[in-house]
Amino acid sequence: MTSEMRIDHREKAYELLRKDAEKIAQLIKVQMDNLTMPQCPLYEEVLDTQMFGLSREIEFAVRLGLVDEADGKTLIDSLEKEMSTLHDAFTNK
C-alpha cells in the first residue's frame, strides 16, 4: 500500500468517526435545546449505547492504525464534555 493510500484511508476513517460523533452531539443538542429530562432512562440508554458504540469504533480504528489514539480520545472527550454541560444545565434549571 502506498503512503498516499494509507493517508487517504486514515482521513476517511477519521471522517467517518467524526460524523458518528456529530450524530451523538446532535442528540445532546436536541436535549439541551429542550432541556428535557436527561435522566430519562430511555435517553440515557440511547446515549450510553451510542457512546459505547463510538468508543468501540474508535478502538478498532486505532488498532488498525487508521486513527491516532489521541484523536480518538479527543472525539470522545468532546462528547463527554457536552453531556456534562447538558447535565449541568438541567440540574441548574
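**View 1. Buried positions along helix α1 of the predicted model.** In helix α1 of this predicted model, the buried residues are Ala13, Leu17, Ala21, Ile24, Ala25, Ile28 and Gln31. The helix that carries them covers residues 3-34, which is 32 residues in total. From its first C-alpha to its last, α1 reaches 47 Å, a span close to the 46 Å expected at 1.5 Å a residue.

**View 2. The protein chain as a whole.** Three helices and zero strands are found in the protein chain, and, read from the N terminus on, its elements follow the order α-α-α. Of the 93 residues in the chain, 22% are buried. The area that the chain exposes comes to about 6,600 Å², and 57% of this area is supplied by carbon and sulfur atoms. When the contacts with a separation of 6 or more are considered, 74% of them are accounted for by residues 24 or more positions apart.

**View 3. Ser78 of helix α3 and Ala21 of helix α1.** Ser78 lies in helix α3, while Ala21 is one of the buried residues of α1. Although 57 residues separate Ser78 and Ala21 in sequence, their C-alpha atoms are 9.0 Å apart in space. Ser78 has a relative accessible area of 37%, and it counts as partly exposed because this value falls between the 20% limit for buried and the 50% limit for exposed residues.

**View 4. Gly53 of helix α2 and Asp20.** Gly53 has its place in helix α2, and its C-alpha atom is separated by 9.5 Å from that of Asp20, which is 33 residues away along the chain. With a relative accessible area of 26%, Gly53 is also described as partly exposed, because a residue must be under 20% to be called buried and over 50% to be called exposed.

**View 5. The largest pocket and its lining.** The largest pocket holds about 160 Å³ of space. Its lining is made up of Ser55, Arg56, Ile58, Glu59, Val62, Glu69, Gly72, Lys73 and Ile76. The elements that each give two or more residues to this lining are α2, residues 41-64, and α3, residues 69-91. Helix α2 provides the largest share, with five residues. Sorted by class, the lining has four charged, three nonpolar and two polar residues.

Technical notes:
Residues are numbered from 1 along each chain as its sequence is written. This is a predicted model: local features need pLDDT of at least 70, side-chain atom pairs count only at pLDDT 80 or more; totals for chains, interfaces and linings use all residues. Side-chain values use heavy atoms; hydrogens and water are left out. Helices (H or I, at least four residues) and strands (E, at least two) are DSSP runs, numbered from the N terminus. The expected span of a helix is 1.5 Å times one less than its number of residues. Buried means under 20% relative accessible area, exposed over 50%, partly exposed in between (1.4 Å probe, protein chains only). On a 1 Å grid over the protein atoms alone, a cavity is a set of points where a 1.4 Å probe fits but cannot get out, and a pocket is an open set with protein on both sides within 12 Å along at least five of seven lines; lining residues have an atom within 4 Å of a point. Grid points are joined across faces, edges and corners, and a volume is the space filled by probe spheres set on the points. Ala, Val, Leu, Ile, Met, Phe, Trp, Tyr, Cys and Pro count as nonpolar, Asp, Glu, Lys and Arg as charged, and the others, Gly among them, as polar. Contact means heavy atoms within 4.5 Å. Accessible areas come from the Shrake-Rupley method with a 1.4 Å probe; for residues, only the protein chains shown count as cover.
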